[in-house]
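This briefing goes through one structure chain by chain, then turns to an interface. Please keep the sequence and the model open while reading.

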Amino acid sequence: MTATLGQYLHSGAFWYLFAFVCFAAGVLIPGLLVVLSRNLLHAALWLLPCLASVAGLFLLLGAEMLAAIQILVYCGGIVVLILFAIMLTQGLGHADVRVTNQQLFWGSVGAAALAGVMLHLLSLQMWPLGTPTIPGDVTGRLADALLSPYLLAFEVASVVLLVAMIGAIVIARAEPE
Amino acid sequence: MVLGGFELFLIPGLPFVAFVLIAAFLLKRGEKAAPFVLIAALTGSLVITIQALASIAGGKPISVSLPWLQVGGLSLDLGVLLDHLSGLMMITVCTVSLLVQVYSIGYMKGEIGYGRYFAYMSLFSGSMLGLVIADNIVQTYIFWELVGICSYLLIGFWYRRPSAAAAAKKAFVVTRFGDLGFLTAILILSFQKPAVFGFDQLSHSIRLMGPGVVTAVALLIFSGAVGKSAQFPLHIWLPDAMEGPTPVSALIHAATMVAAGVYLVARAYFIFAAAPAALLVVAIIGTATLFFAATMGVAENDIKRVLAYSTISQLGYMMMALGVGGYTAGVFHLTTHAFFKALLFLTAGSVIHSVHSNDMWQMGGLGKRMPITAFTCLIGALALAGIFPLSGFWSKDEILTAAWYSHLPGHQIIFVVALAGVVMTAFYMFRLWFLTFCGEPRSEQAEHAHESPWVMAVPLLILATLAVIAGGLKLHIPWTTGGIGEMIRFGDEKETVSVFIIGLSLVVSLLGIGVAWAAYRANLISPAAFNARFPGLHRLLKNAWYFNRAWELFATRVVLAGARMAAWFDRHVVNGMVDGVAWLAGWAGRRLRVAQTGQMQFYALVFIFALVAGLVVVFGRGQSLLSLVMRP
Amino acid sequence: MTGINLVPIHAYLVVSVLLFAIGLVGVFSRRNAIAVLLGIELMLNAANINFVAFWRYGGGVQMEGQVFAVAVITVAAAEAAIALAIVLNVFRRFKTINIDQINLMKG
């Protein structure tokens, strides 16, 4: 151990790890609050730091474009949409009504079991180590991939969005009196 | 032979054609012509039979057959067989039927259903002839059943009368009992290898079958004969069958259909000869029948019922004869009995027609008023009683001789019983004659009785002539080359003549007549006093030994009990199983329904649990994920 | 980026699995339909983390990982729109979006 604490603190390794821990906590703890909040509005709002932390994780992994998309679409679009829906359905919840149903216990058990099994399976595996640096121009490469060879997926995705837009309008339309 | 033997098919065919014509065209409007169509057909059949018989002239029989059905390994043919046995029988059937139809023109005049009557009569004639001429046992069975149907239709001719309808049903059901045995015999034969039904082929293949099978077949065939020929214990239908018109009784229930049973045993005699146990059974039943029926005839007051019991008794004599080995004797008596019994029934019919009653105690003094009827009836009575030189004397003696010289164990007892039967036969017959035709009229109608018209009287005279001369068959059968002893025989029967037996039978017959004369004509013995001294006997005989009651008890106790058990089984076990399966499905469904909550979150939870379980099962052994997914 | 070797891929995968499980709990046990939707969004994001982690630790050259993540985000957006439209409709019909009460089945 030739490096001192100060040196370590100033090296990128430490800060990387620190950022990872922060973002991981930012994902998991608000996530827990999302599902356990009694107040529906609070639950939706807790989604915001969760999704933002996910974007942070993307940044750590070097996918800047994706992080931007995540913030724009998820935090800026979907959460707002959810907030609108909550407002329109007055689903703020009454204090005396339970927000969870009778499956809380067994649901937790099931989820825990799945998590346990999957973690166990993951631990058995030798995963690739990864390279310290990756070739640059990630965004460029992403664009190239989207426009060919994954052009079809790209176009289909746009159709899906169109259909969803129309569908949402039709379904949510008020009944003619 | 005009058509190479195929014209024999016309013998039953012509009456069937008559049936179709009458049924189609002559039921209402042209009904006056109906009897003549039938008479023409019967005459044609008779002519063809005579011509065919003459062409054999003592030689080999004619047999022609057409293939009919081939199913699997079985083949059935339709065929005709004309030998001396069938030829003689057919001449008898045609002759008696002809005379009865002529008689019926007068007897049934003015009746509703006149056309229907002759339609049924033609159907019956055709069926009877078909039965006689059949060359294989299945064909015999087919016509056997047809004859049964015709009997049902004719007994119940006046169907609006409840007693007639009941009698027809009883006849059919009781004979059905026997027919079941007959059918079983045919089924057993169909399982033999090879499966043959023709009488000629059977006589050869019978040697290849085991003795148990042969005895079973013989007994089952005999059971059919027991039903049709009204042998004990299936005799109960014949007295009730008198509900039908008297010509029907004369033709069907005296001369022809009831004789079919005897004819069947004679036809299939080679089977019986191979099964001595069966022959013993035949003899015993025949003897029992002749005795019991004679006792019942003694106590009857209805003129037709006396004759019915007489018929049963005489059929018993024929069966007994066949059983003890007197093949010729049985067939001989069959022929003579046909003539004189038909005669007796027709005379009874004339009497009933005049007096409008069946009760003999309403009659009396008819001899002066109906001389032809009285005379012909006397001829018939003497023939039945077996008085020399009438036909009945010869045939009855042959039977008694056969019984005495038979090799059957216990034949002496049979002989004694038969002799006792002769006494009773003579007695009841002349009781009938004296009560009906002698003394003073006992009712208004008897006073004003008159002779029958010629259309009814002429057949009586013809039949009376036949009853007298039919004994001549012993010497010579017309259109053949010899007497009945040579033409119709089985194996090497030797003809024995015993003067002692002849004399004995004459004596007992005269004894019977004498007792009847003393009781009913000369008033030397009083029947009423006799009945008072033996009330139990009188009741027993009057109630026909309670046979009807016994069968009734059997049907209600035994058969119904069995039926109730079967019904319970069906309702609770069979239905129970079916219901049980349905109940099980419902129960399982109710139990499984709990899983279908309709709540999506519950389904998702189940899904995740299943996924976890699947993962554990697949990856439980600790391999890595990638190694399973990517094969090298 | 330096320091990446300090964080093995397992870390990202663990986060992904845990986030997925948390989302599952939300889906199973919330009464409000919109709350169930929130759980579903969490699950989708867990999948995305998985994809991008593998992209990075698989070399970063082949872009399939990111392409898939883009597709997931797109579909999630579309699905959220439709789902919320349906929720609005259901709310108008039943006057509640409590899943327990939106039940026409009997028994």
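Most of H2(C) is covered, with 22 of its 25 residues buried. The model is a predicted one. The points below start with chain C, which holds this helix, and go on to chain A, a helix of chain B, and the contact between chains B and A.

**Chain C**

- Chain C contains 3 helices and 0 strands, in the sequence order α-α-α.
- Of the 107 residues in chain C, 60% are buried.
- For contacts in chain C between residues at least 6 apart in sequence, the share that joins residues at least 24 apart is 47%.
- Helix H2 of chain C covers residues 33-57, and its end C-alpha atoms lie 37 Å apart.
- That distance agrees with the expected span, because 25 residues at 1.5 Å a residue, counted as one less than the number of residues, should give 36 Å.
- Just after H2(C) comes Gly59(C), with a positive phi of about 120°.

**Chain A**

- Chain A has 7 helices and 0 strands.
- From the N terminus on, the order of elements in chain A is α-α-α-α-α-α-α.
- Buried residues account for 28% of the 177 residues in chain A.
- Among contacts in chain A with a separation of 6 or more, 57% are between residues 24 or more positions apart.

**Helix H10 of chain B**

- H10(B) spans residues 246-255, and 10 of its 10 residues are buried.
- The buried residues of H10(B) include Thr246(B) and Pro247(B) at the start of the list, and Ala254(B) and Ala255(B) at its end.
- Also buried in H10(B) are Val248(B), Ser249(B), Ala250(B), Leu251(B), Ile252(B) and His253(B).

**Contact between chains B and A**

- On the chain B side, 14 residues are in contact with 11 residues of chain A.
- Two helices of chain B, H27 (600-619) and H28 (625-629), each supply at least two residues of the side that touches chain A.
- H27(B) gives the largest share of that side, 10 residues.
- By residue class, the side of chain B that touches chain A has 11 nonpolar residues, 3 polar residues and no charged residues.
- The counts above are residue contacts; the size of an interface is often given instead as the accessible area lost when the parts come together.

Methods: Residues numbered from 1 in each chain as written. Chains lettered and ligands numbered in written order. Predicted model: local features only at pLDDT ≥ 70, side-chain atom pairs only at ≥ 80, totals over all residues. Helix = DSSP H or I, 4+ residues; strand = E, 2+ residues; numbered from the N terminus. Buried ≥ 20, exposed ≤ 12 C-beta atoms within 10 Å, placed from the backbone. Contact = placed C-beta atoms within 7 Å. Nonpolar A, V, L, I, M, F, W, Y, C, P; charged D, E, K, R; others polar.
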